[in-house]
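Please open the model in your viewer and keep the sequence alongside, so that each selection can be followed in both. The tour below moves from one selection to the next.

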Amino acid sequence: MAGAVARVVEWGWELRRSAYARGWRRPERVGARVVSVGNLTLGGTGKTTLTRHLAGVLRERGRRVAVVCRRYHPGPAGEGDEERLLRESLPGIPVLAGRSKLELARRAVDEGCDLVLVDDGFSHWPLERDLDIVLVDGRTALEREALFPGGRLREPWRALQRAQWVVLSRLDAGEDPGPRFAWLRRRAPGARFAAGRHAVCGVREARGSWLSGGARVRVVTATGNPGSVERTAREAGLEVVSASRYRDHHWFSADEARREQQAADRSASRVLLTAKDAVRWPEAAGPPPLVLEVAWEWVWGGAELERSAAGEDR
C-alpha cells in the first residue's frame, strides 16, 4: 500500500515539474532577490535555524531582509510556532506568514525589502527564486530514504538538480562531510555544497537567566527530530533522565504541561524544551522549564554560501 501511495506522490510531483519545465505554468518574480531555504524531507533538518542565521548575516551585510514562511498549525493566538520564534529572535526584521508565499513576498517588497528569505520554499513552485538552498539531514542513512509514506522524502532525490546549494546539517563536531557530499553530488551535479550543525549556546531559564553547570532533565519536545534534541541536550552537558515526544508543531495544553512537570518531579529533574517548543508552552503552567538554545554553526563552505545568498558572487 505504501509503495502504491509513493508512486502516486511521485507521479504528482513529475506532473507539476513538467508543467513548469515545459512552460505551461510559469513562476512569478517579485521586485527583490529571493532566496529559499528548504528541504526534501518531512521533519526537522534545521531550516528555521539556518533561516534565522542567514537573516541576521544578510542584515549585517546591509540588505533590507524580510522572512516569509507558511502559517502552519497556528496556536491559540493565531500564529504558527515558526513565525513566532522568528519574530522573537529577529527583532527589526519583518516576518510575514500566511498561505501563499508568493503573496507574502509581494507584501515584503511593498514594505521596502530588497531580499526575501523564504523558509521552506523549495517545494513552492509559483514564486521564482534567485537561489535555492536545500538542507539534507546528515544523520540519516541517505541511501535508505524513500518517498512518503514509506519514507520521509517529499520529492525524489533527483529534485536536488533544481538546487544551487545543498547543505548537509546536524553533523557532529569535527565530522568529515566528504563521504556524504560524494553521494549527494551524484544527485546534484550542478550544486555547490556546504555543511553545518546546531551548536549549543547554553541553557536558560524560560523566564530568567542562563543556567550555570549541569542539570538532570526530562526532554519534552514536539519537533520533527526529537532524537536530535536529546543528543544536543547531552552535548550541552545535561543528564537526560527521561523524554516525552509529541507530534511536530503540537501546542502544549496547561494540563499536559502540568503532567510533564509532575513526571519530571518524580525523577528529581527539570523539564527541558527547545526554543521552538518554548513558544508553544503555556506561560501559566507551574515552574518555568529550562530552554535549550542553539545556533547555526558552519562546518564547511559557509562563507561562500553567505556571499551567494547576498548575491555578492555574481
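**The enclosed space**

In this predicted model, start with the empty space inside: the structure holds one cavity of 30 Å³ or more, and the volume of the largest cavity is about 70 Å³. Select Arg139, Arg170, Leu171, Asp172, Arg197, His198, Ser228, Thr232 and Glu235, which together line this largest cavity. By class, that lining comprises five charged, three polar and one nonpolar residue. Now colour strand S7 (residues 192-205) and helix H6 (226-235), each of which supplies at least two residues of the lining of the largest cavity; H6 contributes the largest share, with three residues.

**Strand S6 and its neighbours**

Keep S7 displayed and add strand S6 (residues 165-169), which pairs with S7 in the parallel sense over four bridges; within that pairing, Trp165 has Arg192 of S7 as its bridge partner. Next add strand S5 (residues 131-137), which pairs with S6, also in the parallel sense, over five bridges, and here Trp165 of S6 is the bridge partner of Ile133.

Is S6 enclosed or open to the outside? Five of the five residues of S6 are buried, so the strand is largely enclosed by the rest of the structure. In a regular strand, side chains alternate between the two faces of the sheet. Accordingly, select Trp165, Val167 and Ser169 for one side of S6, then Val166 and Leu168 for the other, and both faces prove to be covered, with each of these residues buried.

**The nonpolar cores**

Return to Ile133, which, leaving aside residues up to four places away in sequence, touches Val35, Ser36, Val37, Gly38, Leu50, Leu54, Trp165, Val167 and Leu305. Which residues touch the most other members of the largest nonpolar core? Of its 27 residues, they are Leu117 and Ile133. Helix H2 gives the most to this core, with four residues. Apart from it lies another core, of 25 residues, and Leu40, Trp125, Val134 and Trp157 are among them.

**A last stop in H2**

Finally, show helix H2 (residues 47-60) and pick out Thr48 within it. Thr48 has a relative accessible area of 8% and is therefore buried, the cut-off being under 20%. With residues up to four places away in sequence again left out, display Glu82, Leu85, Leu86, Asp119 and Lys276, which Thr48 touches.

Technical notes. Residues are numbered from 1 along each chain as its sequence is written. This is a predicted model: local features need pLDDT of at least 70, side-chain atom pairs count only at pLDDT 80 or more; totals for chains, interfaces and linings use all residues. Side-chain values use heavy atoms; hydrogens and water are left out. Buried means under 20% relative accessible area, exposed over 50%, partly exposed in between (1.4 Å probe, protein chains only). Contact means heavy atoms within 4.5 Å. A nonpolar core is a set of buried Ala, Val, Leu, Ile, Met, Phe, Trp, Tyr and Cys residues joined through side-chain atoms within 4.5 Å. Two strands pair if DSSP finds at least two bridges between them. On a 1 Å grid over the protein atoms alone, a cavity is a set of points where a 1.4 Å probe fits but cannot get out, and a pocket is an open set with protein on both sides within 12 Å along at least five of seven lines; lining residues have an atom within 4 Å of a point. Grid points are joined across faces, edges and corners, and a volume is the space filled by probe spheres set on the points. Ala, Val, Leu, Ile, Met, Phe, Trp, Tyr, Cys and Pro count as nonpolar, Asp, Glu, Lys and Arg as charged, and the others, Gly among them, as polar.
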